[in-house]
Amino acid sequence: MLQRLRGFRDMYPEYMRARRIVFDKICSVARSFGFHEVDTPSVELLDLFRIKSGEEIVKQTFSFVDKGGREITLIPELTPSVSRMIAARKDLIKPVKWFSFPKMWRYEEPQSGRLREFYQFNADIFGVANITADAEVMALAMEILDSLGLKGKYVMKFSDRILMEELLRSLNIEKIEEAFRIIDKKDKIPEERFYEEMLKITSEENVDSLISLLKLSGDVDTILSKFEHFERSEILASLKDLLKAYGKTATLDLSIVRGLAYYTGVVFEVHDANGEFRAVLGGGRYDRVVELFGAQPTPAVGFGMGDAVLELLMRREGVWPEEKIEVDYFIAIIPGFRKEAIEIAMELRRSGCVVDIDLSRRSIGKQLKYAHRINAKYTIIVGEEIKNGEVALKDMESGEQRNVKIGELKEVIEK
């Protein structure tokens with residue numbers, strides 16, 4: 001028997017039901033914040049990611065040469081595609097607030113919370129340079145998690161690339177982007193390796209000072225008070241106040257830098273409170289990306305949240321929806337009354353009910369057994385009573401059964 005590939009998932013109906021509940025809730029919260037849904041191609045030119053994301057991402061792509069001789073790839077992330085879309089439209093009313101929930105692909109080693117094919121929720125604001133946009137997307141991220149039953153089960157951590165660059169330079173570390181790349185890996189590699197990699201770009205004394213710096217985590221004002229005044233201090237304090245207005249809190253953690261070079265300001269990640277999993281989501285400000293695609297400079301901030309780690313966290317906390325298939329009504333059919341049964345089914349379906357109907361011409365006993373197995377709330381039995389304008393309505397939980405006039409069926413059901 002042929003097996004599915006590693007890092008990919010089969011999704012059966014029970015599992016899909018739970019996922020749909022989660023996905024719909026996420027999208028509903030995004031819409032409530034005034035974000036509008038978009039979608040992009042699943043296949044893009046590989047150069048799109050070379051321009052924006054660099055060779056590190058390119059190495060992880062499912063890329064190939066197509067029949068036209070072009071290097072193309074399954075998308076590994078969404079920011080380049082969305083930035084290209086923004087650059088292509090001069091008539092968009094700013095600010096632009098978009099969200100999407102596409103499927104993506106990365107050729108990485110599969111492990112817990114990391115797959116080769118995954119879904120990722122993305123939300124971005126284009127056209128606002130002010131910290132108000134950063135606060136809005138961070139608040140959206142936390143409101144989504146709260147709505148999924150995870151309030152108190154995660155920590156929003158943030159830092160600032162501009163502040164960190166000033167702090168690194170104060171330690172005489174000049175290779176800033178290389179330092180950010182190494183710092184981003186700090187919790188993923190042994191401490192000795194982190195030390196060794198940093199020693200390649202600075203002195204031992206500076207590495208010791210940096211390690212002390214990266215341990216700082218907590219209230220914004222408390223941490224910033226430890227340093228001389230930096231230009232970004234007031235902005236980060238303002239971010240704290242804005243989040244408070246949303247009813248949200250976040251921790252300033254100087255070890256959060258996000259490894260990709262395109263970030264230009266505030267960066268943030270959400271981690272589960274127990275520190276068991278990889279980051280649940282991550283994002284930040286990327287003000288120089290859209291102009292890479294030929295547009296005027298366009299400030300931007302956003303985040304991405306993969307479905308794999310989110311699911312692990314929800315399962316651990318017992319808030320993942322129940323995985324089961326169910327229908328509102330199953331229509332069982334006595335031989336000779338299929339036409340009437342179909343008409344009833346269609347009437348109920350058009351009124352918004354989920355209705356299944358016997359297709360296998362089984363005995364009434366087997367039909368009722370099937371109704372139990374698909375978790376039908378009620379079974380409507382269509383038989384001889386139809387001649388009197390009635391059907392039998394059976395409550396599948398209590399077992400109670402009674403005849404109901406067809407014209408009163410919807411009213412009885414609604415009650």
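This is a short tutorial dialogue on reading a predicted model, from its domains down to single side chains.

Q: Let's start with the overall layout. Into which domains is the protein divided?

A: Glad to begin there, and do keep in mind that we are looking at a predicted model. Domain 1 covers 13-40 + 78-316, and domain 2 covers 327-414. The centres of domain 1 and domain 2, taken over C-alpha atoms, are separated by 51 Å.

Q: Next, the interior. Which residues of the largest nonpolar core touch the most other members?

A: The general idea first: in soluble globular proteins, nonpolar side chains tend to be buried together. Here the largest nonpolar core has 77 residues, and those touching the most other members are Phe-121, Leu-210, Phe-303, Met-305 and Leu-310. The element that gives the most to this core is helix α5 (residues 131-147), with 11 residues. Another core lies apart from it, with 25 residues, including Ile-75, Met-104, Tyr-263 and Ala-300.

Q: Could we zoom in on one member? Leaving aside neighbours within four places in sequence, what is Leu-310 in contact with?

A: With that filter applied, the contacts of Leu-310 are Val-22, Ile-26, Leu-145, Leu-148, Leu-150, Val-280 and Met-305. Met-305 is a name to remember, being listed with Leu-310 among the core residues that touch the most other members.

Q: Now a strand. Why is β13 described as largely enclosed by the rest of the structure?

A: Strand β13 spans residues 300-306, and seven of its seven residues are buried, so the rest of the structure largely encloses it.

Q: And how should I read its two faces? Which residues of β13 lie on each side?

A: The general idea is alternation: in a regular strand the side chains alternate between the two faces of the sheet. In β13, one side holds Ala-300, Gly-302, Gly-304 and Gly-306, and the other holds Val-301, Phe-303 and Met-305. Both faces are covered, and every one of these residues is buried.

Q: Strands also have partners. How many bridges does β13 form with strand β7, and how many with strand β12?

A: Strand β7 (residues 117-126) pairs with β13 in the antiparallel sense over seven bridges. Strand β12 (residues 281-285) also pairs with β13 in the antiparallel sense, over four bridges. A handy residue to click on is Gly-304 of β13, the bridge partner of Asn-122 and also of Gly-282.

Q: On to charges. How many salt bridges does the count come to?

A: The count comes to 46 salt bridges, taking a side-chain nitrogen of Lys or Arg within 4 Å of a carboxyl oxygen of Asp or Glu. One of them joins Asp-47 and Arg-50, whose closest N and O atoms are 2.8 Å apart. These two residues lie three residues apart in helix α2 (residues 46-52), about one turn of the helix. Asp-47 is partly exposed at 43% relative accessibility, and Arg-50 is partly exposed at 30%.

Q: How far apart in sequence are Arg-169 and Glu-165 in helix α6?

A: They are four residues apart in helix α6 (residues 161-170), so about one helical turn separates them. Their side chains meet in a salt bridge at 2.9 Å, N to O. Arg-169 is partly exposed, with a relative accessible area of 36%, and Glu-165 is partly exposed at 29%. For a pair with a buried member, look at Arg-70 and Asp-66, whose side chains meet at 2.8 Å, N to O; Asp-66 is buried at 16% relative accessibility.

Q: Which residues are linked in a network of salt bridges?

A: One such network links Arg-9, Arg-19, Asp-307, Glu-311, Arg-315 and Glu-323.

Q: What about a polar side chain: is Gln-367 buried or exposed?

A: Gln-367 is buried, at 0% relative accessibility, and its place is in helix α14 (residues 364-373). A polar atom of its side chain lies 2.8 Å from the backbone nitrogen of Ile-333. Beyond neighbours within four places in sequence, the contacts of Gln-367 are Phe-330, Ile-331, Ala-332, Ile-333, Asp-358 and Arg-362.

Q: One last stop: where does Ile-374 lie?

A: Ile-374 sits in the loop between α14 and β16 (376-382). This residue is buried, with a relative accessible area of 8%. Under the filter that leaves aside neighbours within four places, Ile-374 is in contact with Ile-325, Glu-326, Val-327, Phe-330 and Asp-356.

Methods. Residues are numbered from 1 along each chain as its sequence is written. This is a predicted model: local features need pLDDT of at least 70, side-chain atom pairs count only at pLDDT 80 or more; totals for chains, interfaces and linings use all residues. Side-chain values use heavy atoms; hydrogens and water are left out. A nonpolar core is a set of buried Ala, Val, Leu, Ile, Met, Phe, Trp, Tyr and Cys residues joined through side-chain atoms within 4.5 Å. Buried means under 20% relative accessible area, exposed over 50%, partly exposed in between (1.4 Å probe, protein chains only). Contact means heavy atoms within 4.5 Å. Domain bounds come from an automatic or database domain assignment. Two strands pair if DSSP finds at least two bridges between them. A polar contact is a pair of N or O atoms within 3.5 Å; within protein, one must be able to donate a hydrogen and the other to accept it, and residues adjacent in sequence count only if both atoms are side-chain atoms.
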